[in-house]
Amino acid sequence: MDAMRKQLDVLMGANRNGDVREVNRKYFDRDVCRLFLAGLCPHDLFQLTKMDLGPCPKVHSLQLRKDYEEVKAKGSENFDRELEDMIDRLIVECERKIQRALKRLADEDAKAAIAISVSEVTLDEEVLRLSKEIKEKMKEVDTFDFEGKTDDKIKAMEVVEELRSKRADMQATLLLDAFNKDRASIPQSAPAQIAPLPPPPPPDARTQELINEKLSKAEALGEQGMVDEAQKVLEEAEALKKLAASRQEPASDPSKYTVADVRITDQKLRLCDICGAFLSVYDNDRRLADHFGGKLHLGYMLIREKLKELQVLIVMSHFLL
């Protein structure tokens, strides 16, 4: 119920039923969220994920944000430092998780820790153009929300979702190309004089079903920030693949085989340097697109972009002084 109410508040405003008494507040009141006024409240990130902070206890008001921005333009108020401190804390926490995961990968496969930078290989002119278009469309959403134009706001949000999906598909394609090159660079252990073996037979229907279930579970755990659990399930899925290929007959009970039957290096796992989720070089484009469109990845991408904006503003303000 709380989740549904939160979604309705986002689309139609907290006073959609006309039962919320309006209070004559000022932007500097103690019950007003300064982080929202400055552009980004952490409670609006990662909603309905494991990292969900719940609803913000303070007031979010577009009218008060407008009032604040007018005063800020005159040099009287500036809450950017508070927003930067909050973003720094979130990013430091994420970077710690990334470093722990990189160490685990490096212990098994030193190349995995440095092979691919997701943020670099998925950044090209078209992705930047889509990101800029999404940002502009979100400004329209805020404008429609401020003016009480609910239908226009919903339509604008639909466009935003379409643009995000298109961007995620493009990022997935770029990363898949990088993974293909990465796979090609993996040394083959078969002797040159031996003729190449025929491809292994596909797993039986039951084993393939179990593999698909484990891959889906790993993706869900990754989006929830449960890195260790996601890695374990991915390893179990790869173990099933290898065991099915090595047997002439279908395994009688493939669910019995776990991570003990396969090494982490066989997974060729890579780490997203934006949100810290594990990715496999054997993932397909649909699975990668789901990652890029997930709330966890989008949330961390948003705060990293916001931090860059704040840093640019700080540098510019120093030149103006």
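This is a short tour of the structure, stop by stop, with something to select at each one.

**Stop 1: the whole chain**

Show the protein chain as a cartoon. Keep in mind that this is a predicted model. You should find eleven helices and two strands. Now follow the elements from the N terminus. They run α-α-α-α-α-α-α-α-α-β-β-α-α. In that order, the two strands come after nine helices, and two helices follow them.

Switch on the surface. The protein chain exposes about 19,300 Å². Carbon and sulfur atoms supply 53% of that area. Of the chain's 321 residues, 39% count as buried.

How do the contacts spread along the sequence? Take the contacts with a separation of 6 or more: residues 24 or more positions apart account for 72% of them.

**Stop 2: the largest nonpolar core**

Hide the surface. Select Leu37, Leu83, Ile87, Leu175, Tyr300 and Ile303. These belong to the largest nonpolar core, which has 63 residues, and they touch the most other members. Which helix gives the most to this core? Select residues 80–108. That is helix α4, and its share is ten residues.

Now centre on Leu175. Setting aside residues up to four places away in sequence, Leu175 touches Ile116, Val118, Val121 and Thr122. On the same terms, Leu175 also touches Leu279, Leu288 and Phe292.

There is a second, separate core. Select Val141, Ala156, Met157 and Leu163 to see part of it. This core has seven residues.

**Stop 3: isoleucine 98**

Go back to helix α4 and pick Ile98, which lies in it. Is Ile98 buried or exposed? Its relative accessible area is 4%, under the 20% cut-off, so Ile98 is buried.

Add Cys275 to the selection. Ile98 and Cys275 are 177 residues apart in sequence. In space they are 8.0 Å apart, C-alpha to C-alpha.

Which residues is Ile98 in contact with, leaving aside its neighbours within four places in sequence? Select Leu271, Cys272, Asp273, Gly276 and Arg304.

**Stop 4: a loop with two positive phi values**

Move to the loop between α2 (34–38) and α3 (62–73), and select Phe46 there. Most residues other than glycine have a negative phi. Phe46 is not a glycine, yet its phi is positive, about 60°. Phe46 counts as buried, because its relative accessibility is 4% and the cut-off is 20%.

Next, select Leu48. Leu48 also sits in the loop between α2 and α3. The phi of Leu48 is near 65°, again a positive value in a residue other than glycine.

**Stop 5: the largest cavity**

A search of the whole structure finds two cavities of 30 Å³ or more. Head for the largest one, which holds about 160 Å³ of space. To find its centre, select Ala218, Glu219, Gly222, Phe278 and Leu279. Among the 16 lining residues, these lie nearest the centre.

Which elements each supply at least two residues of the lining? Colour α8 (205–223), α9 (227–245), β2 (278–280), α10 (285–292) and α11 (295–320). Of these, α8 gives the most to the lining, with five residues.

Finally, colour the lining by class. You should see nine nonpolar, three polar and four charged residues.

Technical notes
Residues numbered from 1 in each chain as written. Predicted model: local features only at pLDDT ≥ 70, side-chain atom pairs only at ≥ 80, totals over all residues. Heavy atoms only, no water. 1 Å grid on protein atoms, 1.4 Å probe; cavity = no way out; pocket = protein on both sides within 12 Å on 5 of 7 lines; lining within 4 Å. Points joined across faces, edges and corners; volume = space filled by probe spheres on them. Helix = DSSP H or I, 4+ residues; strand = E, 2+ residues; numbered from the N terminus. Nonpolar A, V, L, I, M, F, W, Y, C, P; charged D, E, K, R; others polar. Core = buried A, V, L, I, M, F, W, Y, C linked by side-chain atoms within 4.5 Å. Buried < 20%, exposed > 50% of the residue type's maximum accessible area, 1.4 Å probe, protein only. Contact = heavy atoms within 4.5 Å. Areas by Shrake-Rupley, 256 points an atom, 1.4 Å probe, with all protein chains shown as cover.
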